[in-house]
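Work through the exercises below with the structure open. Each task is followed by a stepwise solution.

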Amino acid sequence: MSTQNDIIEVHVCMGTAGVASGGHEVMEAFEQEFKKEGVSAVLKERNCKVKATGCRGLCARDVLVDIHLPGMEPITYEHVTPEMVPAIVQQHIGNGEVVEKWAAKKDYYDFYKLQKRYVLRDCGKVDPEDIDDYIAHGGYEAIKKVLKEMTPEQVIEEVKKSGLRGRGGGGFPTGVKWGFCRASKGDLKYLICNADEGDPGAFMDRSIIEGNPHVVIEGMLIAAYAIGCREGYIYCRAEYPLAIKRVKKALKIAEERGFLGKNILGTDFEFHLHLKEGAGAFVCGEETALIASIEGERGMPRSRPPFPAVRGLWGKPTNVNNVETFANLPLIILDGAEFYASMGTEKSKGTKIFALSGKVKSTGLVEVPMGITVRQLIFDVGGGIPKKRKFKAVQLGGPSGGCLPESLLDTPIDYDSLIAAGAMMGSGGVVVMDETNCMVNVAQFFLTFTQRESCGKCIPCRIGTKTMLDILNRITSGQGREGDIEKLLDLAQDIKTASLCGLGQTAPNPVITTIKYFRDEYEAHIKNKKCPARECSALIEFVVAEDRCKKCGICFKVCPVGAITWEKGKVAYIDKSKCVKCRECIVNCPFNAID
């Protein structure tokens with residue numbers, strides 16, 4: 001008869017990246033292997049359980065699998081495929097010998113060394129579709145404490161003392177925001193979870209919902225009790241099918257178990273929570289546009305005041321917070337405001353989740369204490385720049401964030417320090433760039449996104465961003481003119497000042513910061529018709545630098561149009577008449593030998 005201590009658990013990452021990499025097939029392979037007669041004989045006294053879990057962060061190495069043997073530290077395997085499963089089961093689970101060639105190495109554990117995983121503490125441990133697993137890990141204890149021991153005013157005061165600021169980008173103090181909504185008159189109030197995560201490269205909220213939807217529900221229960229609310233919505237873009245599926249299941253089972261609906265946990269507290277699927281408009285991340293979308297209107301921002309806390313959804317007092325903000329609340333209630341406030345800086349408390357992407361060795365989801373420097377995030381957590389290339393810039397805060405140069409790598413990551421440097425916390429997107437990135441092209445890319453996503457309601461954003469983009473398009477195509485830089489800066493200031501909502505007010509940030517820190521690149525494009533980073537195709541031709549070429553033939557192998565000729569032991573040659581400037585040779589050359 002096996003006991004709890006005899007249980008062997010196999011945790012398979014089943015976030016979006018894990019599923020896309022073959023997570024279902026890997027789970028099935030483990031389950032089938034455990035059913036085999038020979039394996040069962042080896043493990044006949046052991047209870048082997050295969051469990052789906054959420055994203056644990058290092059998505060580029062999926063499928064990630066953790067093996068939990070009684071009395072031993074868990075071992076992680078990377079890039080697991082079904083073909084690897086029999087050897088892992090026989091050698092590791094059956095004989096207790098790690099399969100070293102597939103086990104995670106030092107850089108995997110270095111990725112987590114500086115992290116403080118509190119919001120993500122159960123991602124990778126809890127089955128997101130099993131409420132009992134969440135409860136077994138302390139789930140719903142915070143709402144029990146709130147309902148039994150605290151008044152709404154005490155909850156709000158505890159959140160104020162914690163120093164929690166909204167994680168959606170604005171950084172407004174959460175407890176203060178709740179206080180405004182509670183003080184608003186009216187019997188009917190609404191609570192909204194903003195899960196409309198639209199930033200390119202951002203997947204923090206998606207991963208929380210996919211990995212642990214019940215922690216978001218519990219956070220919303222705490223907030224609803226505090227502000228005096230009995231109706232709520234989770235607004236999640238329909239482009240997140242796995243998140244939608246798991247939220248729907250979590251809402252259904254939470255209501256069946258008495259955590260939602262009337263008389264929650266035997267009290268007179270009532271809270272009904274609904275799911276609203278958004279159509280994927282980036283502007284609906286702005287709270288008044290989101291409210292309009294829930295009401296069935298086109299997602300367009302409204303002028304403020306009145307603020308949603310006074311007049312929001314269907315004209316009623318409404319509080320809007322994002323996924324990560326709600327996910328912090330159970331920790332604050334159970335461990336206390338003092339513990340939470342002990343992390344971070346004076347004005348930015350707790351941890352922050354970032355989506356680390358771009359030209360960095362270890363991309364993925366990280367949760368670090370506020371106050372960590374940009375350098376630590378990129379080089380200590382992310383492992384630095386690959387292919388022995390030099391760091392050039394980092395954009396923080398999504399498409400509306402700013403680009404910071406190497407001289408600002410030691411900037412602390414907190415709300416005020418980033419704004420002072422010209423960037424912003426935003427929702428948590430971090431895009432790292434190396435010497436092969438053209439900063440004019442970067443500004444063009446992000447402005448293309450925000451201009452396309454503008455709802456068009458106000459002229460400064462609709463027309464201003466289009467005019468700025470036209471200038472950038474000219475510059476990157478070799479048609480830049482004297483005075484273009486000054487025009488961009490003038491337009492940027494007007495757009496920031498006059499736009500109705502945060503999309504327009506922050507859209508010029510990539511342009512402003514790239515001009516501030518990389519003005520020489522703009523001038524090279526305009527005056528010399530050159531792209532120093534060799535990225536703007538209209539301004540470059542591709543040649544092999546003979547002194548750096550190692551005659552390896554990699555460029556020849558990756559060229560999709562046969563424009564490169566090469567013989568073993570000889571320098572490669574690029575036929576300019578055939579070259580389509582796709583950059584595959586530059587990207588794949590390990591010796592930086594393409595000019």
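The model is predicted.

**Exercise 1. Classify Lys581 by its accessibility, then describe its place and backbone.**

Step 1. The relative accessible area of Lys581 is 31%.
Step 2. Buried means under 20% and exposed means over 50%. Lys581 is therefore partly exposed.
Step 3. Locate it. Lys581 sits in the loop between strand S15 (573-574) and helix H24 (584-588).
Step 4. Check the backbone. Lys581 is not a glycine, yet its phi is positive, about 60 degrees.

**Exercise 2. Do the accessibility and backbone analysis for Leu265.**

Step 1. Leu265 has a relative accessible area of 32%, so it is partly exposed.
Step 2. The loop that holds Leu265 runs between helix H12 (241-256) and strand S7 (272-278).
Step 3. Leu265 is not a glycine either, and its phi is positive at about 50 degrees.

**Exercise 3. Decide from the radius of gyration how compact the protein is.**

Step 1. Take stock of the secondary structure: 24 helices and 15 strands.
Step 2. The radius of gyration is 26 Å, and the globule rule gives 25 Å for 595 residues. The two values are close, so the protein is as compact as a globular protein of that length.
Step 3. Add the box. Along the principal axes, the C-alpha atoms fill roughly 75 × 70 × 40 Å.
Step 4. Add burial. Of the 595 residues, 56% count as buried.
Step 5. Look at the contacts between residues at least 6 apart in sequence. Of these, 71% join residues at least 24 apart.

**Exercise 4. Which residues of helix H8 (residues 152-162) are buried, and how are they arranged around the axis?**

Step 1. List them: Pro152, Val155, Ile156, Glu158, Val159 and Ser162.
Step 2. Look down the axis of H8. The buried residues fall within an arc of 160 degrees, so they line one face of the helix.
Step 3. Find the cover. It includes helix H7 (141-149), helix H9 (174-183), helix H11 (213-227), helix H14 (323-335) and helix H15 (337-341).
Step 4. Inspect what follows. Gly163, just after H8, has a positive phi of about 80 degrees.

**Exercise 5. How many residues of H14 are buried, and what does Ala327 touch?**

Step 1. Count: 11 of the 13 residues of H14 are buried, and the helix is mostly covered.
Step 2. Pick one residue. Ala327 belongs to H14. Its relative accessible area is 0%, so Ala327 is buried.
Step 3. Leave out residues up to four places away in sequence. Ala327 then touches Val119, Ile208 and Val215.
Step 4. Gly336 follows H14 and has a positive phi, near 95 degrees.

**Exercise 6. Characterise Pro460 by its accessibility and contacts.**

Step 1. Pro460 lies in helix H19 (residues 459-476).
Step 2. With a relative accessible area of 23%, Pro460 is partly exposed.
Step 3. Beyond residues up to four places away in sequence, Pro460 touches Thr465, Ile495, Ala498 and Ser499.
Step 4. Compare chain and space. Pro460 and Glu286 are 174 residues apart in sequence, and their C-alpha atoms are 17 Å apart.

**Exercise 7. Where do the cis peptide bonds at Val63 and Pro306 lie?**

Step 1. Asp62 and Val63 are joined by a cis peptide bond with omega about 5 degrees. Val63 is in the loop between strand S2 (47-53) and strand S3 (65-68).
Step 2. Pro305 and Pro306 are joined by a cis peptide bond with omega about 0 degrees. Pro306 is in the loop between helix H13 (287-294) and strand S8 (318-322).

Technical notes
Residues numbered from 1 in each chain as written. Predicted model: local features only at pLDDT ≥ 70, side-chain atom pairs only at ≥ 80, totals over all residues. Heavy atoms only, no water. Helix = DSSP H or I, 4+ residues; strand = E, 2+ residues; numbered from the N terminus. Rg over C-alpha atoms; globule rule 2.2 N^0.38 Å. Buried < 20%, exposed > 50% of the residue type's maximum accessible area, 1.4 Å probe, protein only. Contact = heavy atoms within 4.5 Å. Arc of directions from axis to C-beta.
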